[in-house]
Amino acid sequence: MPRFQVFVRWRPLSANESGEGEIKREYSENNSTISISAPPQSKTLSRRNIAWKSGSSFSGIFDANDNNKIVFDSVVSPVLSNVLQGQCCNFFAYGHSGSGKSHTIMGYNYDNSEEFGLCLAAAHHLISALKKLNTVDDGGRGDKLGIGIRMYEMRKNSAFDLLNGHRECHVREGSDGRVYIRGETEMLEDGKVRVRPITTVGCWSFEDLHRELQVGLKLRATGSSTIHDQSSRTHAVLELEIITEKLTVARDAVFERQSELVPVGKHATDVYIEEQSRGVMLNSDGKWIPNPDYQINQSRIDAAELKKGEFEKRVKEAEDYETKVFRDIASRHACIGGRLVFVDLAGSEYSDDSRTGPGPKQTPQEKQEGRQINSDLLALKEVIRATALNQTRIPFRSSPLTMVLRQHFQTSTNNHSAMILTISPSTQQFAAAMNTLKYGDLVGVASGKKRIA
Ligand SMILES: Nc1ncnc2c1ncn2[C@@H]1O[C@H](COP(=O)(O)OP(=O)(O)OP(=O)(O)O)[C@@H](O)[C@H]1O
């Protein structure tokens, strides 16, 4: 089995694509290789770019008449048992705008289970499995298992929380090497401050999850921009994690204490800077020299540092308690912490900042976003490649997208993660289809499939 699976999904022709007909496609017997060519009558394509053949890179191909359930059964369903063992599996949808990424990952039909998006179908199966585990008497420990959902979209260096009014959060690496996604510091009425992470909403039934998903998707759908829906210019990340109420409370306590540390840490820094700057002065040559009229108040600095140390200790205690709660639950339920991460990547055509296709020219801001998307998609390919090759240095820092996905990659079982390439079969989209397949081919080759010369 390849280290990271790559699937291809062709969608049906849409009503406004009937123009030049369909891209011709042929597959090898085991569906690992694809050849595409444009029909000879195609007028819009240059003669140089009318045929392409992949390497032996793919793990499966879905054709236009395969519905979401068929995709789910082949791609996601086989790994659910791993998630129920506490593992993490990542799924990416990659393709040009309108090729079917959201149709595949999020889905548009919430009433027909055959057309549930992969995330909703996965949630449905997980919740049923958790329901069975929840019927076992937990001896009053409050172990009721549920799913924590997080949903955000990545744009440049920010993540926008789709379960908290599209609030902007920033992606930062902490001094402990971990990546944090945090909102702005909020001042509360009682003078306290709060630094919110991306919201996790605990869902204890399928109806809860269904509702939350729709809340998030509505926010994602608003904000249409110039040429396309804004959704195609951002990466949407949806995480489903198996949690319990007690674990959620323990995690909230960590955030609470981290928030308390913020003003105390800031005060310690301010005191240090203030004392140091009062302790020096500029001489007549414009050089900094010790200020003879001021003795740096070291005990003031030490007192502020001491207080900061106390608050750091409180954070550490809360973190240790969270770890203890997690281990305790894990001793009874191996599934705790099991995660599915779905990423609906930005439309791949935006990665081409020299795009010359039909339609209005990109604005400077759109060009800049296009460059960021390009760098995210390249970084993702490199991370998948380095992970598949078990390299010691994985270039997670190359882009904000790979930074936030870092913990999922590090805890995932590589060969249970997959990328789905979504493609329109219209000849008008031949270049986009070829670009998508080329990207997937590189990922597939890098992930352990041998390339056919
Ligand atoms: N496999 C499919 N079967 C039927 N309809 C599909 C399929 N894939 C996509 N569609 C339809 O095509 C349209 C565009 O799909 P979708 O919104 O998923 O594209 P996208 O790649 O997410 O686009 P964007 O990048 O702009 O967000 C939608 O109306 C969707 O329902």
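**Exercise 1.** In which loop is Ser-97 found, and is Ser-97 buried or partly exposed in this predicted model?

*Solution.* Step 1: Ser-97 is found in the loop that joins strand S6 (88-94) to helix H3 (101-105). Step 2: the criterion for a buried residue is 20 or more other C-beta atoms within 10 Å, and for an exposed one 12 or fewer. Step 3: Ser-97 has 19 C-beta neighbours inside 10 Å and therefore counts as partly exposed.

**Exercise 2.** Determine the burial class of Ser-99 and name its contacts outside the neighbouring sequence.

*Solution.* Step 1: Ser-99 also has its place in the loop between S6 and H3. Step 2: Ser-99 counts as buried because it has 28 C-beta neighbours inside 10 Å. Step 3: leaving aside neighbours within four places in sequence, Ser-99 contacts Arg-11, Thr-422, Ile-423 and Ser-424. Step 4: an unreviewed UniProt entry lists Ser-97 and Ser-99 among the residues of a "binding site".

**Exercise 3.** Describe helix H8 (residues 364-388) and its surroundings.

*Solution.* Step 1: H8 has 25 residues and reaches 36 Å from first to last C-alpha, close to the expected 36 Å. Step 2: its buried residues include Glu-369, Ile-373, Leu-377, Leu-380 and Ile-384. Step 3: among the elements covering the buried residues of H8 are strand S13 (235-244), helix H9 (400-411) and helix H10 (430-446). Step 4: just after H8, Asn-390 adopts a positive phi of about 55°.

**Exercise 4.** Assess the confidence of the model along the protein chain.

*Solution.* Step 1: the mean pLDDT of the chain is 85, with 88% of residues at 70 or more. Step 2: over residues 222-231, pLDDT stays under 50, and the model has 16 contacts beyond four places in sequence for them. Step 3: residues 353-358 also have pLDDT below 50, with 6 contacts beyond near neighbours in sequence.

Conventions. Residues numbered from 1 in each chain as written. Predicted model: local features only at pLDDT ≥ 70, side-chain atom pairs only at ≥ 80, totals over all residues. Helix = DSSP H or I, 4+ residues; strand = E, 2+ residues; numbered from the N terminus. Expected span 1.5 Å × (residues − 1). Contact = placed C-beta atoms within 7 Å. pLDDT = per-residue confidence, 0-100. UniProt positions renumbered as here; feature names shortened; annotations may be inferred.
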